Amino acid sequence: ELDTSIWKRMDSDYWYNEEVQSYTPNDTNSFIQDSALHLVAYEQNRGVRNYTSARLETRYKMSFRYGRIEAGLQTSTGSGYWPAFWMMPVEDEYGEWPNSGEIDIMEYFGSQSSIM
């Protein structure tokens, strides 16, 4: 089960980067299986969006200054996929995003042939 003391499931129809999915807090879109976190997109109508997906964050639940984060990432390919794994500051010290920074660990456009 997803540890909600660390992770927060986003619930948003906001259109980030012209994406066509709605982010849901549903455990069908984000779940733990075989000790791995799965984020899954579905062709599914939700309001004005025709797809659902998951977006998770740890802001105000978990932060650290030093340490090691390890992730094994597997992405889907095909037009429309844009999975990403990134870090953002807890506080917006220099203003809202992107002014306070962002560290992209992995970002992948599914229709492209190589990871960016």
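Me: In this predicted model, is Arg46 buried, exposed or partly exposed?
Reply: The model is predicted, so the value is computed from it. Buried means under 20% relative accessible area, and exposed means over 50%. Arg46 falls in between, so the class is partly exposed, with a relative accessible area of 24%.

Me: Which residue forms a salt bridge with Arg46 at an N to O separation of 2.5 Å?
Reply: The pair links distant parts of the chain, 35 residues apart. Arg46 sits in strand β5, and the partner sits in the loop between β1 (8–9) and β2 (21–23). The closest N and O atoms are 2.5 Å apart, and the partner is Asp11.

Me: How many residues apart in sequence are Arg46 and Asp13, whose side chains meet in a salt bridge?
Reply: The N to O separation for Arg46 and Asp13 is 3.6 Å. Arg46 lies in strand β5 and Asp13 in the loop between β1 and β2, so the pair ties together separate parts of the chain. Asp13 itself is partly exposed, at 40% relative accessible area. The sequence separation of Arg46 and Asp13 is 33 residues.

Me: Which residue forms a salt bridge with Asp92?
Reply: Asp92 lies in the loop between β8 and β9, and its partner in the loop between β7 and β8. Asp92 is partly exposed at 34%, and the partner is partly exposed at 28%. The closest N and O atoms are 3.3 Å apart, and the partner is Arg59.

Me: Which residues are joined into one network by salt bridges that share partners?
Reply: A search of the whole structure finds four salt bridges. Arg46 pairs with Asp11. Arg46 also pairs with Asp13. The network therefore holds Asp11, Asp13 and Arg46.

Me: How many bridges join strand β5 to β6?
Reply: Strand β5 covers residues 42–46, and the two strands run antiparallel. One pairing is Tyr42 with Thr52 in β6. The number of bridges joining β5 to β6 is three.

Me: Which residue in the hairpin of β5 and β6 takes a positive phi?
Reply: The hairpin has two residues between the strands. The phi in question is near 65°. The residue is Gly47.

Me: Is Thr52 buried or exposed?
Reply: Thr52 is found in strand β6, residues 49–53. Its contacts beyond four places in sequence include Gln21, Asn29, Val40 and Arg46. The relative accessible area is 2%, under the 20% cut-off, so Thr52 is buried.

Me: Which side chain is joined to that of Thr52 by a polar contact?
Reply: Thr52 touches a set of residues that includes Ser22, Thr24, Ala41 and Tyr42. The polar contact is 2.7 Å, side chain to side chain. The partner is Gln44.

Me: Where does Ser35, with its positive phi, lie?
Reply: Most residues other than glycine have a negative phi. Phi of Ser35 is near 65°, a positive value. At 78% relative accessibility, Ser35 counts as exposed. Ser35 lies in the loop between β3 (30–33) and β4 (36–39).

Me: What is the phi of Tyr60?
Reply: Tyr60 lies in the loop between β7 and β8. At 60% relative accessibility, Tyr60 counts as exposed. Phi is positive here, in a residue other than glycine, and its value is near 70°.

Me: Which residues are joined by a cis peptide bond?
Reply: Most peptide bonds are trans. Here omega is about 10°. The proline of the pair is found in the loop between β8 and β9. The residues are Trp97 and Pro98.

Me: What is the area of the nonpolar surface patch that contains Ile69?
Reply: Ile69 lies in the loop between β7 (56–57) and β8 (84–87). At 44% relative accessibility, Ile69 counts as partly exposed. The other members are Met62, Phe64, Met87, Ile103 and Ile105. The patch area is about 540 Å².

Me: How far apart in space are Tyr108 and Ser5?
Reply: Tyr108 lies in the segment after β9 (103–107). Tyr108 is buried, with a relative accessible area of 7%. Tyr108 and Ser5 are 103 residues apart in sequence. The C-alpha to C-alpha distance is 28 Å.

How values were computed. Residues numbered from 1 in each chain as written. Predicted model: local features only at pLDDT ≥ 70, side-chain atom pairs only at ≥ 80, totals over all residues. Heavy atoms only, no water. Helix = DSSP H or I, 4+ residues; strand = E, 2+ residues; numbered from the N terminus. Buried < 20%, exposed > 50% of the residue type's maximum accessible area, 1.4 Å probe, protein only. Polar contact = N/O pair within 3.5 Å; in protein donor to acceptor, adjacent residues only side chain to side chain. Contact = heavy atoms within 4.5 Å. Patch = residues over 30% accessible without salt bridge, like charges linked within 9 Å, V, L, I, M, F, W, Y side chains within 5 Å. Areas by Shrake-Rupley, 256 points an atom, 1.4 Å probe, with all protein chains shown as cover. Pairing = 2+ DSSP bridges.
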